[in-house]
Amino acid sequence: METVRVGGRRYSDPDVISLIKATGFLVAPRSSVLRQARNLLAKLSSFDEVPADAIKRLTILASIMGITVEPMDIERQRKEKRDAILITTGSKRIILYNPNRPTSRVAFSIAHEISHAFFPNSFTGARFRSICQSNSKEANELERLCDLGASELLMPIADFQKAAAGGYSLRNVDSLCHTFGSSYEATVFRLATAHPGMAISGLLRYRLTVGEQRRAANTNQGLLFGGEAGENDDTAHPKYRRQSIYVSDNCGDHQTIRWNKSFDETSCVYDAGRNGGVHLGREALPNGNGTIGRLEAVKAPYQREEAHPEFPDVLFFWTAG
């Protein structure tokens with residue numbers, strides 16, 4: 001598989017590579033996606049009237065890109081697991097969305113699919129996306145960049161910073177959702193990426209690491225076929241571990257939280273998993289940095305199928321100082 005290095009990072013997703021080549025290997029994909037999103041918003045601002053409704057606004061943005069936005073038919077609504085999908089028919093691109101899903105999630109998904117069109121390979125990219133596993137490095141490269149573009153289209157940074165000024169907190173997420181027509185989860189992530197200081201947000205899942213899961217499965221299989229538990233049995237137990245992460249521009253690599261890294265069991269994130277409401281603590285993140293900050297955590301309103309049945313997924317938002 002072809003790989004390309006730019007901006008100190010290596011990329012292997014075919015769509016991402018097509019974007020890098022289109023910029024002459026001079027612009028990092030992240031900067032290119034943001035530039036295209038902001039150029040698109042600038043074109044929208046020249047309209048005499050811009051709808052307040054998020055989906056109507058995104059439909060206009062899509063039309064500027066030459067993309068039609070339409071609801072899925074009943075058959076696709078039953079089969080399609082995604083809230084929205086970009087398809088190509090000849091030279092025409094269409095975003096189909098499920099009108100029965102929550103409007104805020106649909107809006108972000110439409111914005112995400114518009115962002116796929118920022119990549120020159122978008123006419124053929126679906127073929128590559130079907131090849132890559134959903135949790136593979138290649139898929140994550142592309143999807144994270146499209147999430148970045150979607151956040152900018154749905155919650156433009158200047159508008160979001162103005163709305164959130166003095167109120168970067170989980171307690172203000174509902175109000176921000178109402179302002180931008182965004183989902184709770186996407187808005188929590190935007191709190192970090194739009195923050196003018198040092199901020200980090202993300203999703204935590206109560207689980208074992210992949211290695212621990214594998215060892216536990218092997219142990220259970222051994223016992224099933226007559227093996228005996230020995231003194232070296234793996235006694236690992238699930239913890240709240242980093243699932244996804246979003247950081248502000250002022251955060252360096254040393255402030256990020258590595259995949260699978262777990263939060264200490266005294267952290268307020270466990271209180272959020274056990275109880276309702278927003279929980280607050282003064283804590284350092286599990287990144288070895290040691291910086292103490294304000295940590296807020298809340299049970300995620302939307303729980304994926306993979307979430308633990310007794311300990312739900314948790315959203316967190318951390319700011320330094």
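Of the 321 residues in this protein, 49% are buried. Keep in mind that you're looking at a predicted model, so everything here describes that model. The chain folds into 12 helices and 10 strands. How do distant parts of the sequence come together? Take the contacts between residues at least 6 apart in sequence: 62% of them join residues at least 24 apart.

Let's head for the inside. The largest nonpolar core has 63 residues. If you want landmarks, look for Leu58, Ile110, Ile114, Phe119, Leu153 and Phe160, the ones with the most contacts inside that core. Click on Ile110 and check who sits around it: leaving aside its neighbours within four places in sequence, Ile110 is in contact with Ile55, Leu58, Val69, Ala84, Ile95 and Tyr97. There is also a second, separate core, with 18 residues, and Ile245, Phe263, Tyr270 and Phe316 are among them.

Now find helix α3, which covers residues 54–64 and includes Leu61. Is Leu61 buried or exposed? Leu61 counts as buried because its relative accessibility is 0%, and the cut-off for buried is under 20%. Beyond its neighbours within four places in sequence, Leu61 is in contact with Leu40, Leu41, Leu44, Ile114 and Leu153. Two of those names, Ile114 and Leu153, also turned up among the core landmarks. Leu41 is a good partner to look at: Leu61 and Leu41 are 20 residues apart along the chain, and their C-alpha atoms are separated by 7.4 Å.

Leu41 takes us on to an opening in the structure, since Leu41 is one of the residues that line the second largest pocket. That pocket has a volume of about 260 Å³. Besides Leu41, its lining includes Leu44, Ser45, Val50, Pro51 and Ala52, along with Arg57, Leu154, Pro156, Asp159, Thr179 and Phe180. Two elements give two or more residues to this lining, namely α2 (29–45) and α9 (173–180). The largest share comes from α2, with 3 residues. Sorted by class, the lining has 8 nonpolar, 2 polar and 2 charged residues.

For a contrast, try the largest cavity, with a volume of about 30 Å³. The structure holds 1 cavity of 30 Å³ or more. Which residues line the largest cavity? They are Gln255, Leu285, Asn287, Asn289, Gly290, Thr291 and Trp318. By class, that makes 2 nonpolar, 5 polar and no charged residues.

Next stop is helix α10, residues 184–193, where 10 of 10 residues are buried. The buried residues in α10 include Tyr184, Val188, Phe189 and Leu191, but also Glu185 and Arg190.

Over in strand β9, which spans residues 292–299, you'll find Ala297. Ala297 counts as buried because its relative accessible area is 0%, and buried means under 20%. Setting aside neighbours within four places in sequence, Ala297 is in contact with Leu170, Cys268, Val269, Ala272, Gly277, Val278, His279, Val314, Leu315 and Phe316. Cys268 shows how the chain comes back on itself here: Ala297 and Cys268 are 29 residues apart in sequence, yet 6.8 Å apart in space, C-alpha to C-alpha. And Phe316, another of these contacts, belongs to the second core we visited earlier.

Spotting a cysteine might make you wonder about disulfides. A disulfide is a covalent bond between the sulfur atoms of two cysteines. How many disulfides does the model have? The count comes to 0, with a disulfide taken as a pair of cysteine sulfur atoms within 2.5 Å. Two cysteines worth finding are Cys146 and Cys251: Cys146 is buried, with a relative accessible area of 0%, and Cys251 is buried too, at 13%.

Finally, here are two spots where the backbone does something to look out for. Phe25 has a phi near 65°, a positive value in a residue other than glycine. Phe25 lies in the loop between α1 (14–22) and α2, and at 44% relative accessibility it counts as partly exposed. Asn260 also has a positive phi, about 80°, although it is not a glycine. You'll find Asn260 in the loop between β7 (239–247) and α12 (268–274). Asn260 is buried, with a relative accessible area of 18%.

Definitions and conventions: Residues numbered from 1 in each chain as written. Predicted model: local features only at pLDDT ≥ 70, side-chain atom pairs only at ≥ 80, totals over all residues. Heavy atoms only, no water. Buried < 20%, exposed > 50% of the residue type's maximum accessible area, 1.4 Å probe, protein only. Helix = DSSP H or I, 4+ residues; strand = E, 2+ residues; numbered from the N terminus. Contact = heavy atoms within 4.5 Å. Core = buried A, V, L, I, M, F, W, Y, C linked by side-chain atoms within 4.5 Å. 1 Å grid on protein atoms, 1.4 Å probe; cavity = no way out; pocket = protein on both sides within 12 Å on 5 of 7 lines; lining within 4 Å. Points joined across faces, edges and corners; volume = space filled by probe spheres on them. Nonpolar A, V, L, I, M, F, W, Y, C, P; charged D, E, K, R; others polar.
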